[in-house]
Each structure stands twice: as structure tokens, then as C-alpha cells.
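Trainee: I am new to this structure and would love a close look at a single part. Could you pick a helix and walk me through how its residues are arranged?

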Amino acid sequence: MQNNTILDHKMHILSKKVNALVSAQNVKVKHNIDGLFEGALKLNRELGVAWLGMARTNRLLRNLDAAEEALTRARRLLAEDDPSAAAEAALLALDQGDITAAANLIDVADIHGDSAVISYVRGNIEARTGHLDRALEYYGKTLKIDHTHIRARLNRCSIYMALDEGRKALDDAEILLDLAPNFTLARFRKAEAGMMLGEWAKAREDLDIVLERAPHHHQAMTQLAACFIALGRPERAEAPLNDALELHQITLQHGIKEDSYTLNGAVMTTLLVTLRRR
């Protein structure tokens, strides 16, 4: 009984850290995290928090079917007054595009007490429905409860960018990098915020780091070209633009779905044509 209690406690701690681990390293840590949860389940198949951790990991890695299966098991095993499963179900519903279900599920979770994850999910719902000011309020509330909540800070950073609040976005990006120095998306957000503030040389340095870690990041290539143009070095902009356009065409040929951080091929082509007319 004591061993099960210790194991359950360790799984709770790991489950809370999954957001940060997967956000910072993504697929590189998938097998390690899965292995830890699977190891716990080999010792105790009735450990609801381990199933919850599996669900969260798979959701963050976009394995939504596996996430749903693990979450179903978790909800059967966890206590009815535990809001974590309902909150995770709400996040999964959002990823599946069902905002109404997400709102209903987070209302269920909220019955059993407020928490950082509940505020975070409400922030995501407001952001998805275009209520950016309300989303900022919820993300701010999340971060007051848990200063290290990476996803809430990342989302708030993105909203600041959308609202043309470059300095606030830069501050959040720098805090993210303090929390997770290898978080490539935070580095990219820092570069974008720097560009918004006209800090082109610093933005270029950050984009170089992004491309060292993610050589096929289309938008980083395009933004790097923009930095070169702004810095008065247009002759250096054509190569990254060509590379970005080539990668974009490859993704189209192979039917690969591009993520939300990738610039449209038409935009890259327009930039390239403009550059060649200089």
C-alpha cells in the first residue's frame, strides 16, 4: 500500500511536468515520458494518474486517438471530485475542435475548485472564440497561480503579438527561455517580438539559433530574410527565401500538413520577387 502511495505521488508530479517537458523538447522526450508512465502502469494498471499522464503526453504530441483512449481509462479510475481529468478532457475537446464540449467539461472541473489548469483552459476557449482580452485575463490568472506554466505564458505571448504589444511579448518569451532554454518556439517568439520592436540584429541572432535546432522551420527562414533586408543586407535574403519556398513545395507535394507557424508559399514567393526587383 505504501509503495502504491509513493508511486501515485510520483506520477502526480510527473503529470504536472508533462506540459513543460513536451513543450520544451517535443518528440525528443516522448519515449522517455511514455516509458515512465508505462512503467508505472506495469506495476499498477489501476493507477488513474498514470493514464492521465499518458493522455496528456499524447495530446501534446498530437496523438489524439491515443490520448482519448488513455483519458477514458483515467476518468474511470480517478475520483469524481478530481478536476484534472475533466480539465484534460476539455483540452482534448479543444484540440478536436469542439469548443462547446470544452466549455461544458471545464464547467464540470470548476465545480470542484479553481486551479491553474482551469484558468488556462478558459483562456484557451476565449482565445479560440476571438475574445483576446478575456483570454489575457485568464492566462494572467493562471500565471499568478503557477508562474512556471509554460503553455499559458506561450499563449499569452502569442496574444500580445496579435495585439501589437511587442515589449510584453518579448518579456514573456524571455521568461519562457529562462524556464526552458531549449524551447525552440519560445526562441522564435522572441525573434518575432524583436522584429516587431525593430531590434533586427537581436532577432537575427535568435532566428539563427532556431534554424540550428529546427533546420526546416519555414517561417524562421522567411523572417531571417526579412531581418537581412531590414539590416541593409538584401543580397543575403534570397538564399533563406529560396530554401523556405522549396520546403513549402515539398510539403505540398507529399501532402504534409503544415503547422500554424508556417508562412504561406504565396507570401514567400511575393517576398522573393520583391527582393529580386531591388
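**A close look at one helix**

Mentor: Gladly! Before we get to the helix, here is a small stop on a loop: Arg-62 sits in the loop that links helix H3 (48-60) and helix H4 (64-77). Please keep in mind that this is a predicted model. Arg-62 is not a glycine, yet its phi is positive, at about 70°. In general, most residues other than glycine have a negative phi. A second residue of this kind is Asp-164, a non-glycine whose phi is positive and near 65°. Asp-164 belongs to the loop between helix H9 (150-162) and helix H10 (166-179), and it is exposed, with a relative accessible area of 58%.

Now for the helix itself, H12. Helix H12 covers residues 200-213, which makes 14 residues. From its first C-alpha to its last, H12 reaches 20 Å, close to the 20 Å expected at 1.5 Å a residue. Next, look at which residues are tucked away: Ala-203, Asp-206, Leu-207, Val-210 and Leu-211 of H12 are buried. If you look down the axis of H12, these buried residues fall within an arc of 140°, so they line one face of the helix. The spacing fits a general rule: an α-helix has 3.6 residues a turn, so residues three or four places apart point the same way. Helix H11 (184-196) and helix H13 (218-230) are among what covers the buried residues of H12. Turn to the other side of H12, and you find Lys-202, Glu-205 and Glu-212, which are exposed.

Note on methods
Residues numbered from 1 in each chain as written. Predicted model: local features only at pLDDT ≥ 70, side-chain atom pairs only at ≥ 80, totals over all residues. Heavy atoms only, no water. Helix = DSSP H or I, 4+ residues; strand = E, 2+ residues; numbered from the N terminus. Expected span 1.5 Å × (residues − 1). Buried < 20%, exposed > 50% of the residue type's maximum accessible area, 1.4 Å probe, protein only. Arc of directions from axis to C-beta. Contact = heavy atoms within 4.5 Å.
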